[in-house]
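Visitor: I am new to this structure and would like a close look at one part of it. Could you take me through the contacts between side chains, and show me where they sit?

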Amino acid sequence: EGIIEGAKINADPEIKVVVSDGVLVGTYLDGVAWLPGDAITEGAHTFKAVAENIEQQQRVVEISFSLDKTPPIAVIDNGALIQAATSKAISISALQSTDNNKISSYSWSFSDTEQKYNGATVWRTFATAGEYTVTLIVKDDHGNESQPVEARIVVSDAPVIEISGVEHGGMYNQDLEVGITVTNGAPTLITLNANALSETSFTI
């Protein structure tokens with residue numbers, strides 16, 4: 001009792017051997033004599049119990065299991081501050097999270113919703129500008145959970161570009177006074193026929 005075949009456990013097991021119609025001859029861990037209370041190190045193990053009846057017939061039971069008490073470490077790859085724009089999807093990933101064995105699940109929670117997200121990478125879209133918090137917890141294949149880690153998401157309204165003085169596809173027979181206005185941001189690149197311009201208003 002206390003362990004089953006193939007178990008992946010994260011705490012020291014309390015192994016108990018019950019023998020019917022006989023006596024317990026010995027218990028062994030990885031081929032070495034073992035008694036209840038003896039230490040069990042982390043890693044893969046094989047436990048063996050040997051019993052014998054009055055006719056000196058022996059019965060051997062072996063159970064393989066693994067012990068891992070080391071929790072994984074959760075890492076949000078994007079860093080502690082994530083910049084985003086409204087109505088534009090962003091990806092948040094945890095591929096740099098580590099474990100001494102294998103990470104089995106990634107659990108994400110966001111301050112603006114009760115919905116839980118799963119997976120090494122998640123996608124979110126925010127409709128409203130503001131500050132949000134994302135929290136990540138990872139779990140390994142032995143059931144150990146990481147400490148939660150958080151990141152702050154700052155969502156700004158997406159830039160709006162307005163061009164005056166000219167229309168797409170328009171045909172003109174005079175010089176044009178063109179103006180460019182950017183709301184929620186600043187122009188980073190303006191070109192005319194592939195040539196960069198330094199002003200937001202100009203004559204064509």
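Guide: Here is a walk through those contacts, with a short stop at the sheet and the pocket for orientation. Please keep in mind that this is a predicted model.

Let's begin with the sheet. Five strands make up an open sheet with mixed pairing, and their order is E1-E5-E4-E2-E3. Strand E1 (7–9) and strand E3 (32–33) are its edge strands, so to speak, each pairing on one side only. Strands E1 and E5 (residues 58–67) run parallel and are joined by three bridges. If you want one place to put your finger, take Ala7, whose bridge partner in E5 is Phe65. As background, strands of a sheet pair through backbone hydrogen bonds, either parallel or antiparallel.

Now to the charged side chains. Searching the whole structure turns up five salt bridges. One of them joins Asp12 to Lys69, with the closest N and O atoms 3.3 Å apart. This pair links distant parts of the chain: Asp12 is in the loop between E1 and strand E2 (23–29), Lys69 is in the loop between E5 and strand E6 (81–85), and 57 residues separate them. How accessible are the two partners? Asp12 has a relative accessible area of 48% and is partly exposed. Lys69, at 39%, is partly exposed too.

Another salt bridge is formed by Asp112 and Arg124, whose closest N and O atoms are 2.8 Å apart. Asp112 lies in the loop between strand E8 (103–110) and strand E9 (116–118), while Arg124 belongs to strand E10 (residues 121–124), so this pair ties together parts 12 residues apart in sequence. Asp112 is partly exposed, with a relative accessible area of 35%. Arg124 has a relative accessible area of 8%, and because buried means under 20%, Arg124 counts as buried.

Arg124 has another contact worth finding on your screen. Its charged end sits over the ring of Phe126, 4.5 Å from the ring centre. A contact of this kind also involves Lys48, whose charged end sits over the ring of Tyr28 at 5.3 Å from its centre.

The salt bridges also include Glu145 with Lys139, where the closest N and O atoms are 3.8 Å apart. Glu145 is partly exposed at 46% relative accessible area, and Lys139 is partly exposed at 32%.

Next come the rings. A pair of aromatic rings is described by the distance of the centres and the angle of the planes. The structure has four aromatic pairs. Among them is the pair of Trp34 and Phe47, which is edge-to-face, with 5.6 Å from centre to centre and 90° between the planes. Trp34 is in the loop between E3 and strand E4 (43–52) and Phe47 is in strand E4, so to find them you look at distant parts of the chain, 13 residues apart. Trp34 is buried, at 6% relative accessibility, and Phe47 is buried as well, at 4%.

Phe110 and Tyr117 make another edge-to-face pair, 5.3 Å centre to centre with 80° between the planes. Phe110 is buried, with a relative accessible area of 4%, and Tyr117 is buried at 17%. Which residues join these two in a cluster? Phe126 and Tyr132 do: together with Phe110 and Tyr117 they form one aromatic cluster. Phe126 is a residue you have already met, under the charged end of Arg124.

While you are looking at strand E8, you can also pick out Tyr106, which lies in that strand. Tyr106 is buried, with a relative accessible area of 17%. Tyr106 and Ala151 are 45 residues apart in sequence, and their C-alpha atoms are 15 Å apart in space.

Our last stop is a space rather than a contact. Rolling a probe the size of a water molecule over the atoms shows where empty space is left. The largest pocket holds about 400 Å³ of space. Its lining has 22 residues, and those nearest its centre are Val18, Val19, Ala51, Arg59 and Val61. The elements giving two or more residues to that lining are E4 and E5, which brings you back to the sheet where the tour began, since both strands are in its order.

Terms used
Residues are numbered from 1 along each chain as its sequence is written. This is a predicted model: local features need pLDDT of at least 70, side-chain atom pairs count only at pLDDT 80 or more; totals for chains, interfaces and linings use all residues. Side-chain values use heavy atoms; hydrogens and water are left out. Two strands pair if DSSP finds at least two bridges between them. Helices (H or I, at least four residues) and strands (E, at least two) are DSSP runs, numbered from the N terminus. A salt bridge is a side-chain nitrogen of Lys or Arg within 4 Å of a carboxyl oxygen of Asp or Glu. Buried means under 20% relative accessible area, exposed over 50%, partly exposed in between (1.4 Å probe, protein chains only). Rings of Phe, Tyr and Trp (its six-membered ring) pair if their centres lie within 6.5 Å; planes under 30 degrees apart count as stacked, over 60 as edge-to-face and the rest as tilted. A charge sits over a ring if NZ of Lys or CZ of Arg is within 6 Å of the ring centre and within 35 degrees of the ring normal. On a 1 Å grid over the protein atoms alone, a cavity is a set of points where a 1.4 Å probe fits but cannot get out, and a pocket is an open set with protein on both sides within 12 Å along at least five of seven lines; lining residues have an atom within 4 Å of a point. Grid points are joined across faces, edges and corners, and a volume is the space filled by probe spheres set on the points.
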